[in-house]
Amino acid sequence: MIINNTTPLPKVPADPALQQLFKDMQGNILKSHARPNVCLLFVQFKGAPVTVKQWIRTKVAPLVVSMTTQLEDIEMHRQEIEKDFCSFSLTAKGYDFLLSTILPEDESFREGLGKDTIPADPPKSNWEEKYQKEIHAVFILAHGFPEQLSLLRENVIAMLSENAILVAEETGQALKDANSIDIEHFGYADGRSQPRYFEDDMKKEGTDVNWNAFASLDLVLTKDPLGKAFKQDDTPASDDTGTHSYGSYLVFRKLEQDVSGWNDAVLKHSLDTGQSQDLVGAMAVGRFKDGTPVLNHNAPQGSPSIENDFNYTADPQGKGCPFHAHIRKSNPRGDTQQFGVPLENEKTRRITRRGIPYTTGEKKGLLFMCYQQSIIEQFDFMQNNWVDNPGFLKGNTGVDAVIGQTIDLKGGLLGQHVHLKGGEYFFTPSISFLRTL
């Protein structure tokens, strides 16, 4: 398998199969599109399926940015953020509309996001009304400048025409701290620990004595049975004569953050315990606001380079970094070995995050997005068995102190200040699928 690689990849591969893979794969999966302004357009198809398929082939496919284009822009030091970015993903109901069948096999994808897949989530009747409607596809649009993104958005909406209606829309914008580090609305460094697929990203990680962030492509990619880029033996096909390609499952969740509630809870816990507010927040998140891991430090270090080379081997009781801390709950870094789970097996649960903050009036939160090879084995497993499980790692651990969802809304250590407002599961197909649909 070309996606079962054992070493990080160059951005310009010599292997023809990898060249074909990157050419046929949508961008943003293996590397973030890196643009600070994002617009999500959720649509529902209408009219005759044959007409909608033609629209996707002739209008949508040409807009989609491939991984090759994204990597070439980076390699040639172009201002990638000054270029339009577009990706296009389908829900199970979208596939059913187009093809009267659902080919991507993931059980959670077929079911869709809801209480049957994530039991601790609020029911759909409590979601924002727009997310209670049927969604067939999502456009992810991005640009370095908001005015240019607005033009791209207008072009795509005009392009919907008789083939789709706009069901929901979200706008996100990156937040930065004084060191230009990405943060979320509670003020903490975000997105630091990610699976790394490329050589340059591994070099940026620095040392890997205690934690190796490398991931093979099969962590995030799975076969797209309707793509045409590869033959059965994974050799490149020509003229759309192949039997399959590769795509990735996409999870979207709109997570509203109660910033004032969080800050009040941190202050109260600080007064009750005598700990500083910095330390209280760090014990919940697992890092101080500047990204310093609480496992190794009892105060922020103020370094623009965020530590990531650590594990919890020397902290088996959760005294340095509590078991309920967000970064320990969602990425145990080998903690599950105490249950007989090999580290390499645990690492297959990782997800590739692509979220971005949003602000709508007084409402703030995160447009959470992540890619994976399997929703049921990665995002769903992580959310159900780790994040929302009060018994992980020990019986009195509690849910994830930041994003843990509880039916009674009590939440974790500081209460529940992150609330699900809607979401859906998607498959991001190959470009050859879109071009030959």
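## Helix H12 and what covers it

Two residues are in contact when heavy atoms of theirs lie within 4.5 Å of each other, and this meaning of contact is used for the coverings described here. In this predicted model, helix H12 spans residues 379-387, and its buried residues are Phe379, Asp380, Met382, Gln383, Trp386 and Val387. An α-helix has 3.6 residues a turn, so residues three or four places apart point the same way. Which elements cover the buried residues of H12? Among them are three helices, H5 (107-111), H10 (326-330) and H11 (343-347), together with the strands S8 (245-257), S11 (363-372) and S12 (418-428).

## The nonpolar cores

The largest nonpolar core holds 106 residues, and those with the most contacts inside it are Leu21, Leu30, Phe45, Trp55, Ile56, Phe88 and Phe139. Strand S1 gives the most to this core, contributing seven residues. Leucine 21 touches Ile2, Ile3, Leu217, Leu221, Phe230 and Tyr246, when residues up to four places away in sequence are left out of the count. Separate from this, a second core consists of 11 residues, including Leu279, Phe288, Val294 and Cys321.

Isoleucine 135 sits in the loop between H5 and strand S3 (137-143). Is isoleucine 135 buried or exposed? Its relative accessibility is 3%, and because buried means under 20%, isoleucine 135 counts as buried. Leaving aside residues up to four places away in sequence, isoleucine 135 touches Phe42, Val43, Thr91, Lys93, Val167 and Phe426. One of these, threonine 91, is 44 residues apart from isoleucine 135 along the chain, yet the C-alpha atoms of the two are separated by 7.0 Å.

## Aromatic pairs

A search of the whole structure finds 20 aromatic pairs. In one of them, the ring centres of phenylalanine 45 and phenylalanine 97 are 5.6 Å apart and the planes stand at 50 degrees, so this pair is tilted. Phenylalanine 45 belongs to strand S1 (residues 37-45) and phenylalanine 97 to helix H4 (residues 92-99), so the pair ties together parts that are 52 residues apart in sequence. Phenylalanine 45 is buried, since its relative accessible area is 3%.

Tyrosine 188 and tryptophan 262 form an edge-to-face pair, with 6.2 Å from centre to centre and 85 degrees between the planes. This pair links distant parts of the chain, 74 residues apart, with tyrosine 188 in the loop between strand S6 (182-183) and helix H7 (199-205) and tryptophan 262 in helix H8 (residues 259-273). Both tyrosine 188 and tryptophan 262 are buried. Elsewhere, ring pairs join Tyr95, Phe109, Tyr249, Phe427 and Phe433 into a cluster.

## Arginine 333 and charges over rings

Arginine 333 is located in the loop between H10 and H11. How far away is the nearest side chain of opposite charge? That side chain, aspartate 309, is 6.8 Å away, and arginine 333 is buried yet has no salt bridge. A salt bridge requires a nitrogen-to-oxygen distance within 4 Å.

With residues up to four places away in sequence set aside, arginine 333 touches Ser193, Trp211, Arg287, Asn308, Phe310, Asn311, Tyr312, Leu343 and Glu346. For tryptophan 211 the arrangement is more specifically described, as arginine 333 lies over the face of its ring, at 5.1 Å from the ring centre. Arginine 349 likewise lies over the face of phenylalanine 381, at 3.6 Å from the ring centre.

## Salt bridges

The structure holds 19 salt bridges. Glutamate 205 and arginine 196 meet through their side chains in one of them, at 2.9 Å from N to O, and both of these residues are buried. Lysine 130 and glutamate 128 also form a salt bridge, at 3.8 Å from N to O. Lysine 130 counts as partly exposed at 23% relative accessibility, and glutamate 128 is partly exposed with a relative accessible area of 23%.

Another salt bridge joins arginine 435 to aspartate 240, whose closest N and O atoms are 2.7 Å apart. It links distant parts of the chain, 195 residues apart, with arginine 435 in helix H13 (residues 431-436) and aspartate 240 in the loop between strand S7 (222-224) and S8. Arginine 435 is partly exposed, with a relative accessible area of 40%, and aspartate 240 is partly exposed, with 33%. Finally, salt bridges that share partners connect Lys11, Lys31, Asp200 and Asp201 into one network.

Key
Residues numbered from 1 in each chain as written. Predicted model: local features only at pLDDT ≥ 70, side-chain atom pairs only at ≥ 80, totals over all residues. Heavy atoms only, no water. Buried < 20%, exposed > 50% of the residue type's maximum accessible area, 1.4 Å probe, protein only. Helix = DSSP H or I, 4+ residues; strand = E, 2+ residues; numbered from the N terminus. Lys, Arg positive; Asp, Glu negative; His and termini not counted. Phe/Tyr/Trp six-rings, centres within 6.5 Å; stacked < 30°, edge-to-face > 60°. Lys NZ or Arg CZ within 6 Å of the ring centre and 35° of its normal. Core = buried A, V, L, I, M, F, W, Y, C linked by side-chain atoms within 4.5 Å.
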